[in-house]
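Here is a short report for a first look at this structure. Please view the sequence and the model before reading on.

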Amino acid sequence: MLGGSAKRAVASSTVILCFGDSWTRGNAIGLTNQLHKHSVKKEDVEVIYKDYWGYTAEYFASNPSMLPDTVSKYKADFVLLSMGGNDFKNIYWRHKQYVTPWAAVSKIEVNFKIVLDALFKVHPHVKVVTYGYDFPGNIEGILSGTYWSQRETDLSSTTKLLLWAYNNLGVRLINYSAMQLGVTLNKLSNEYTQKGHSLTYVPLWGTLQAADQEEKTAITQPQLHLPSPSKYMNDP
């Protein structure tokens, strides 16, 4: 049921294309598992993924034929689209543009529209689903450069200050940015639906927090001051 560069199984099957950044392969595996769980056969629904690790919405927008060409190649009926998360990394870390989260999301929105417009121009009836991102996992090990290989007492005072800022300010800012992206994707869903296209936004943030609390204290609202549990995150 899951194929990377596989060709369409049979002409009558429904094809779901998972396309985008590094979350894409995980999306395809998870979706395939759910279809298998519900006894859906590959002859009926086939999941294909094209993942581009580290790629941004900005990159896909600068190469607008990538998505419609891939949809054409696999004759996809549905697209599960994942992009935008790496744009935050580029804006803040690579380009050192210390703008507000909503300003960063505005940049991502522009590129999302370019990608979607290019897709719907060629494939006006393809159905697109997107959900943004859940809250990222704990990145203390990345920030300290240790991945927990050193004790906290071995860290420099500058690194300790950086970790303090991350835990007290950074987590909230990162999670708020993820929520802002979700709000924007919901707006785009309404906008493209009014144009007669099929773009569905499904909120994701807080899902892993809730999963972690199922056997503890139930969480009814996403916790902005907490990262997603790292035990669930292969791609923080």
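## Order of helices and strands

From start to end of the sequence, the chain runs β-β-α-β-α-α-β-α-α-β-α-α-β-α. That gives eight helices and six strands. The model is a predicted one.

## Burial and contacts along the chain

The chain has 236 residues, and 43% of them are buried. Many contacts span long stretches of sequence. Take the contacts between residues at least 6 apart in sequence: 77% of these link residues at least 24 apart.

## The nonpolar core

The largest nonpolar core holds 46 residues. Those touching the most other members are Leu-17, Phe-19, Leu-67, Val-79, Leu-81 and Val-128. Helix H5 supplies the largest share of this core, with eight residues.

Leu-17 shows what such contacts look like. Setting aside neighbours within four places in sequence, Leu-17 contacts Ile-48, Lys-50 and Leu-67. Its other partners are Thr-70, Val-71, Tyr-74, Ala-76, Phe-78, Val-79 and Leu-80.

## Where H4 meets H5

Helix H4 covers residues 85-94, and helix H5 covers residues 101-122. How do the two pack? Their axes lie 10 Å apart, at an angle of about 125°. Angles of 65 to 115 degrees count as roughly perpendicular and those over 145 as roughly antiparallel, so H4 and H5 are oblique to each other. The crossing of H4 past H5 is right-handed.

On the H4 side, the contact involves Asp-87, Phe-88, Ile-91 and Tyr-92. H5 brings Pro-101, Ala-104, Val-105, Lys-107, Ile-108 and Asn-111. By type, the residues of this contact are seven nonpolar, one polar and two charged.

Methods:
Residues are numbered from 1 along each chain as its sequence is written. This is a predicted model: local features need pLDDT of at least 70, side-chain atom pairs count only at pLDDT 80 or more; totals for chains, interfaces and linings use all residues. Side-chain values use heavy atoms; hydrogens and water are left out. Axes are lines fitted to C-alpha atoms, for helices over the stretch in contact, and angles run from 0 to 180 degrees between N-to-C directions. Helices (H or I, at least four residues) and strands (E, at least two) are DSSP runs, numbered from the N terminus. Angles under 35 degrees count as roughly parallel, over 145 as roughly antiparallel, 65 to 115 as roughly perpendicular and the rest as oblique. A crossing is left-handed if the near helix is turned anticlockwise from the far one by less than a right angle, and right-handed if clockwise. Contact means heavy atoms within 4.5 Å. Ala, Val, Leu, Ile, Met, Phe, Trp, Tyr, Cys and Pro count as nonpolar, Asp, Glu, Lys and Arg as charged, and the others, Gly among them, as polar. A nonpolar core is a set of buried Ala, Val, Leu, Ile, Met, Phe, Trp, Tyr and Cys residues joined through side-chain atoms within 4.5 Å. Buried means under 20% relative accessible area, exposed over 50%, partly exposed in between (1.4 Å probe, protein chains only).
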